[in-house]
Amino acid sequence: MTGLIPIPGPAQAPAALEPLHFPLRGSRLIEASAGTGKTWTIAALYLRLVLGHGGDHGFSRPLGPGEILVMTFTRAATRELSDRVRQCLTEAARVLRGEAEPLPGDGYLAALRDAYAPGALREQAAWRLAAAAEGMDDAAVQTIDAWCQRMLREHAFDSGSLFDEELGADESALRAQAARDYWRQQVYPLAPELLERVLAVWPGVAALTDDARALENLELAPGAGDGDIATCLASADARCTAQLAALKAGWPERAEALAQWVERELAERKPAWESRKLGSVPAWLRKLGDWAAADGVDVLVLTDTATERLRPEALLALRKADAPPCEILHDFAAIPELLAAQQALPSPAMALRAHAAAQIAQRMAHLKRKSASFGFHDMLVRLDRALAGPRGEALRARILAQHPVALIDEFQDTSPL
């Protein structure tokens, strides 16, 4: 979409903004701090788009307010922006008609007036500006949510949307119902040992309902909601057991060898060490070895002191400055790596939360279809899917024809989607 949207390449240095000559083709980013005139700049560019001003730097033809899509983040901001643009259009029309002079210091409006020769050309430009000001009630100044809703409704055939759908701004009731349905269908039938594991994640349906909002932001792997809870946990346990077994491989022997080395050091070269702090290390290493030798999915839990002191740098700090080098200390570097790797393993609890997230989302989608309603986030998702769907190219062409230019205010505050 032609407009003033994303970010120039990293090799491009930012240039000082000249609103009268700013290119209105391609994708552009305007970087500005608070209070530096972002709203004024949008209005200044809007005037040029209405006039078709700029030659090779402008758009190919004059545009009406309904063709210039202006997106901003809040409804209050859309009202402020729409009012500012209308005011600037009206003021510019009066200046071009000779009914008023630009305010002192307003070089932009003076230069815009002088770009059109007195007579018919300037009168036509003034007429375009006045007509646009009168047509601002139909202007496309909207939040992203509202624009997506409008595109889905106006292009219902290409987007696959229903004509009679309603926007439900508050989805909390639907979410709570979907969570209760999940609890009734999935949790009630569980055997006691599985129920205990579920209750460790959510003590009750109220906790699941509270967690359901956060679950909407989880990135779900394909098939996350397949099967029931028993299948989910069995599969998660199997994956965790296999991954933990791979991490544990060889550690019973390695941990015992390191423990015996520390004990020999304390017995034969005790003066080379701060022996009081080194004395606990063999016990920690043997705890690691016992964990590695055991079956099950329990993670290794060490005290903060043990975790800190089992690092090679910490052990080296316990060695006296005049002691000879000790190469074996490098072998301890694998212990922090092991601890980090096991913490990074996906836990069965997270698999359970992903299962709930997928099934609650499916249930909410069913309830929305049944009531012909949808929420704010649904609009972005559905328009994105429609653009990637079988009628996506036709939908894209219609949107581009409808809005050949887009200006996005506060671009950094929009959602990634």
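This tour visits selected salt bridges in the structure above.

The model is predicted, so local features need pLDDT of at least 70 and side-chain atom pairs count only at pLDDT 80 or more, whereas totals for chains, interfaces and linings use all residues. Residues are numbered from 1 along each chain as its sequence is written, and side-chain values use heavy atoms, with hydrogens and water left out.

The structure holds 18 salt bridges (a side-chain nitrogen of Lys or Arg within 4 Å of a carboxyl oxygen of Asp or Glu).

Select first helix α7, residues 172-187, which contains both Asp181 and Arg184, 3 residues apart, about one turn of the helix. Helices here are DSSP runs of H or I with at least four residues, numbered from the N terminus. Asp181 and Arg184 form a salt bridge, with the closest N and O atoms 2.9 Å apart. Asp181 is buried at 6% relative accessible area, while Arg184 is partly exposed at 42% (buried means under 20%, exposed over 50%, partly exposed in between, with a 1.4 Å probe and protein chains only).

Next, select Arg286 together with Glu256; their closest N and O atoms are 3.1 Å apart in a salt bridge. Glu256 lies in helix α11 (residues 251-268) and Arg286 in helix α13 (residues 281-293), so this pair ties together parts 30 residues apart in sequence. Glu256 is partly exposed, at 28% relative accessibility.

Keep Arg286 selected and add Glu263, whose salt bridge with Arg286 has its closest N and O atoms 2.7 Å apart. Glu263 also lies in helix α11, so its pairing with Arg286 in helix α13 ties together parts 23 residues apart in sequence. Glu263 is partly exposed at 35%.

Finally, select Glu265, Glu268, Arg269 and Arg319, which are joined into one network by salt bridges that share partners.

Key: Helices (H or I, at least four residues) and strands (E, at least two) are DSSP runs, numbered from the N terminus.
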